[in-house]
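Here is a short tour to read alongside the sequence and the structure. Take it section by section, and keep the viewer open as you go.

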Amino acid sequence: MDQSIYRSHILICGGTGCVSSGCKEVRSSLEEELAERDLVNEIKVIETGCHGFCEKGPLMIVYPEGVFYCKVQPEDMEEVVEEHILKGKVVERLLYTDPTTGENIPSYQEIDFYKKQQRTALINCGYIDPEEIKEYIATGGYEAIGKALTEMTPQEVIDEVKESGLRGRGGGGFPTGLKWQFASDAEGDKKYVICNADEGDPGAFMDRSILEGDPHVLIEGMILAAYAVGADEGYVYVRAEYPLAIKRLRVALEQAEENGLLGENLFGTDFSFKLRIKEGAGAFVCGEETALMASIEGERGMPRPRPPFPAEKGLWGKPTNINNVETYANVPAIIKEGAEAYKQVGTEGSTGTKVFALTGKINNTGLAEVPMGITMREIIYDIGGGINEGKEFKAVQIGGPSGGCLPEDKLDLTIDYDSLLEVGAMMGSGGLVVMDEDTCMVDVARFFLDFTQSESCGKCTPCRIGTKQMLDILERITVGEGQEGDIELLERLAENIKSTSLCGLGQTAPNPVLSTLRYFRDEYEAHIYEQTCPAGACEELLGAYVIDGEACVGCTVCTEACPVDAIAGEAKEEHLIDEDACIACGACVDKCPVDAITQ
Amino acid sequence: MACSCGNAEENQEKYFAPLKKVLENYDKKAKDLIPVLQETQEEYGYLPQEVLEEIAKSLRVPFSQVYGVVTFYSQFHLEPRGENIIRICMGTACHVRGADKVLDTMKEELGIDDGETTEDLKFTLESVACIGACGLAPVIMVNDNTHGLLTPETTVEVLDQYRG
């Protein structure tokens with residue numbers, strides 16, 4: 001690592017979101033501007049992992065001031081270097097503007113999106129260069145494994161994790177320490193640890209962010225688990241859809257090996273540990289632990305009945321501990337700071353923090369790590385900045401395809417594993433998709449069933465056939481062919497599938513339907529009995545788009561806006577929509593200056 | 001692989017050369033099936049039947065098992081694919097922000113359905129489950145590049161970049 005002292009550091013976010021918004025071009029432009037002014041030895045440019053505020057990307061933070069610029073473009077760099085770096089004047093127009101007050105906010109700590117966050121798992125994400133192990137070590141990284149290997153017995157490590165109250169962050173919320181105890185107690189000459197990084201829940205991307213932004217924290221967490229349960233080999237099962245995450249993890253593994261943190265006789269003890277990456281091949285069911293292990297073994301990713309649990313008989317029949325990325329990422333902090341300190345955050349039954357992926361019809365989308373026990377309202381309104389385009393909140397979907405939709409009167413619920421189960425949702429991996437008045441809840445239920453149905457592996461009948469039957473009914477309802485008795489049939493099917501499916505995928509697949517039936521039954525009834533979609537989302541229940549000839553001023557804006565050239569008409573003459581070509585995208589409606597297009 | 005030019009053996013060897021190279025890096029055990037398939041598909045663009053038969057032989061697994069694994073995972077393809085792979089995210093966040101309109105626009109523009117490849121082998125269109133860039137919904141991936149915050153109009157612009 002170079003030892004120069006820089007007067008300023010510029011952090012550019014290099015997460016997938018910002019890469020797609022063009023951060024690479026921003027970086028080269030910035031480096032050119034710096035080189036031109038001979039500032040390369042004074043200002044250091046660092047490409048970090050994800051800052052979590054992807055929508056506003058590309059993001060850039062200038063230290064020591066901590067000034068936060070968003071949506072920066074290559075052509076802005078000249079101004080940033082000239083004004084900010086040379087003259088010390090903040091470039092106002094690139095600052096984040098608060099959507100409620102309209103004020104520009106210079107420091108990222110003052111932005112509502114970050115203000116209420118409390119970071120443990122994401123602590124380094126966006127602050128260190130993920131491809132440089134020394135930056136991780138400089139933040140106290142690998143101290144926990146040093147402490148564990150030289151001062152603690154494996155049982156003491158397990159006890160500390162148990163005492164911390166840490167629960168699995170990937171879905172069910174099983175106590176992590178207890179899981180480790182089972183794997184440790186299991187008899188066997190060979191044991192494995194696995195990290196489930198097959199983040200398949202639609203609407204969740206926190207694991208991706210950790211892999212891309214701080215891969216060493218995961219490696220350290222896994223080494224700690226391996227030491228605790230007595231494993232000498234491990235796998236990280238990452239989905240192939242995350243190419244950048246795989247690349248960074250690969251770099252991190254190499255660096256850890258070079259630095260003697262993976263391999264033989266770590267820290268001069270007789271503990272050895274090898275860690276490998278396995279790429280998934282695109283099957284959601286592989287997020288289920290037994291299916292994941294079948295996939296590592298080279299087979300179709302189909303779940304196996306439990307018991308025996310993986311702790312007893314896992315990968316290749318050997319005792320195996322399996323946790324997800326965010327869970328492992330919490331462990332180094334627990335060992336380093338102690339369980340007592342860790343427990344200070346969160347609620348009694350759900351300690352620590354949770355990362356939520358905040359998406360949908362909300363002003364600030366991105367990743368937010370908050371203490372357990374926060375209310376949904378704080379997350380959506382204080383951190384998320386409320387619903388966008390001034391629309392009305394309708395529901396929040398939590399927990400992906402296994403979770404449920406909660407209505408407005410549940411906004412003040414404090415969030416932890418148990419409170420969510422009580423209201424018919426679940427923590428899942430922590431995806432929060434916010435929906436407004438334009439979202440149809442029957443369509444949302446259909447969407448999830450369509451997903452689980454196509455991802456069902458087909459091994460057990462309730463899931464294979466049952467989800468198909470439920471989907472058929474929901475599809476009928478959304479095209480206006482619902483019948484009396486459909487709701488009751490859906491409920492009966494749901495209960496059967498829940499209680500008889502082999503794995504978690506099937507057992508939780510009906511949850512989105514049950515929760516929308518519980519809170520939004522009237523929308524189902526409107527579709528079935530009145531053939532109307534109250535949200536105006538189900539196309540078959542709406543008429544075709546038409547242009548009101550009297551209102552139309554012939555401005556041709558709509559003909560240009562139409563992506564499929566379905567609108568004909570000369571300037572200053574009335575326009576017409578070709579119903580067959582129209583894909584009902586609504587682009588013309590948004591653009592029409594005189595609101596002449598209706599459905 | 002039918003061949004009528006008289007150099008069948010030589011051509012055969014040439015055809016299987018990339019596969020041989022992939023197999024060299026593995027112990028030729030059943031557990032390597034998925035990584036072998038992944039690397040082979042990188043080489044050939046898809047997984048032709050002759051190649052799968054060779055893989056079955058060298059890893060000593062029944063062909064039926066190879067076929068079972070290939071058809072189980074959505075990453076594997078038995079048909080040739082386009083030069084550019086367009087993946088339209090159908091995740092929840094994209095769904096509520098209009099992913100279906102992006103898909104419809106693509107279908108219309110390319111004249112193919114979901115899962116199909118254009119006749120000139122330029123584009124393959126696929127709707128996929130969440131690609132984990134939900135902050136930029138609705139989002140698509142073209143090859144390894146992510147494009148976010150799309151509308152039907154910008155979808156066409158993105159497509160034009162690859163039409164070249």
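## Surface and charge of chain A

Chain A exposes about 22900 Å², and 46% of that area comes from carbon and sulfur atoms. Keep in mind that this is a predicted model. As for charge, chain A carries 53 positive and 103 negative side chains. The centres of these two sets are 6 Å apart.

## Overall build of chain A

Chain A contains 24 helices and 19 strands. Its radius of gyration is 26 Å, close to the 25 Å from the globule rule for 599 residues, so chain A is as compact as a globular protein of that length. If you align the view with the principal axes, the C-alpha atoms of chain A fill a box of roughly 85 × 70 × 40 Å.

Buried residues account for 60% of the 599 in chain A. Looking at contacts in chain A between residues at least 6 apart in sequence, 69% of them link residues at least 24 apart.

## Helix H21 and its surroundings

A good place to zoom in is helix H21 of chain A, residues 511-519, which is mostly covered: eight of its nine residues are buried. These are Asn511(A), Pro512(A), Val513(A), Leu514(A), Ser515(A), Thr516(A), Leu517(A) and Tyr519(A).

What lies over them? The cover for the buried residues of H21(A) includes strand S14 (404-407) and the helices H17 (441-455), H18 (461-478), H19 (486-500), H20 (504-508) and H22 of chain A.

## Two buried residues to visit

Glu523(A) sits in helix H22, which spans residues 521-530 of chain A. Is Glu523(A) buried or exposed? Its relative accessibility is 6%, so Glu523(A) counts as buried, the cut-off being under 20%. Apart from neighbours within four places in sequence, Glu523(A) is in contact with Lys394(A), Cys440(A), Met441(A), Val442(A) and Pro534(A).

Pro215(A) belongs to helix H10 of chain A, residues 215-229. With a relative accessible area of 1%, Pro215(A) is buried too. Setting aside neighbours within four places in sequence, its contacts are Pro130(A), Ile210(A), Arg248(A), Leu249(A) and Ala252(A). You can also find Ala329(A) at 9.0 Å from Pro215(A), C-alpha to C-alpha, although 114 residues separate the pair in sequence.

## Where the chains meet

How many residues of chain A are in contact with chain B? There are 60 of them, and they are in contact with 43 residues of chain B. The area buried between the two chains is about 3800 Å², and carbon and sulfur atoms give 59% of it. On the chain A side, Ala281(A), Arg300(A) and Phe447(A) lose the most area to chain B, together 14% of what that side buries.

## Chain B

Chain B has seven helices and four strands. Read from the N terminus, its elements follow the order α-α-α-α-β-α-α-β-β-β-α. Along the principal axes, the C-alpha trace of chain B spans about 50 × 35 × 25 Å.

Of the 164 residues in chain B, 49% are buried. Among its contacts between residues at least 6 apart in sequence, 58% join residues at least 24 apart. The exposed area of chain B is about 7900 Å², with carbon and sulfur atoms supplying 45%. Chain B has 15 positive and 28 negative charges, and the mean positions of the two sets are 7 Å apart.

Definitions and conventions
Residues are numbered from 1 along each chain as its sequence is written. Chains are lettered from A and ligands numbered from 1 in the order in which they are written. This is a predicted model: local features need pLDDT of at least 70, side-chain atom pairs count only at pLDDT 80 or more; totals for chains, interfaces and linings use all residues. Side-chain values use heavy atoms; hydrogens and water are left out. Helices (H or I, at least four residues) and strands (E, at least two) are DSSP runs, numbered from the N terminus. The radius of gyration is taken over C-alpha atoms; the globule rule is 2.2 Å times the number of residues to the power 0.38. Buried means under 20% relative accessible area, exposed over 50%, partly exposed in between (1.4 Å probe, protein chains only). Contact means heavy atoms within 4.5 Å. Accessible areas come from the Shrake-Rupley method with a 1.4 Å probe; for residues, only the protein chains shown count as cover. Lys and Arg count as positive and Asp and Glu as negative; His and the chain ends are not counted. The place of a charge is taken as NZ of Lys, CZ of Arg, CG of Asp or CD of Glu. Buried area is the accessible area (1.4 Å probe) that two parts lose on being put together, summed over both.
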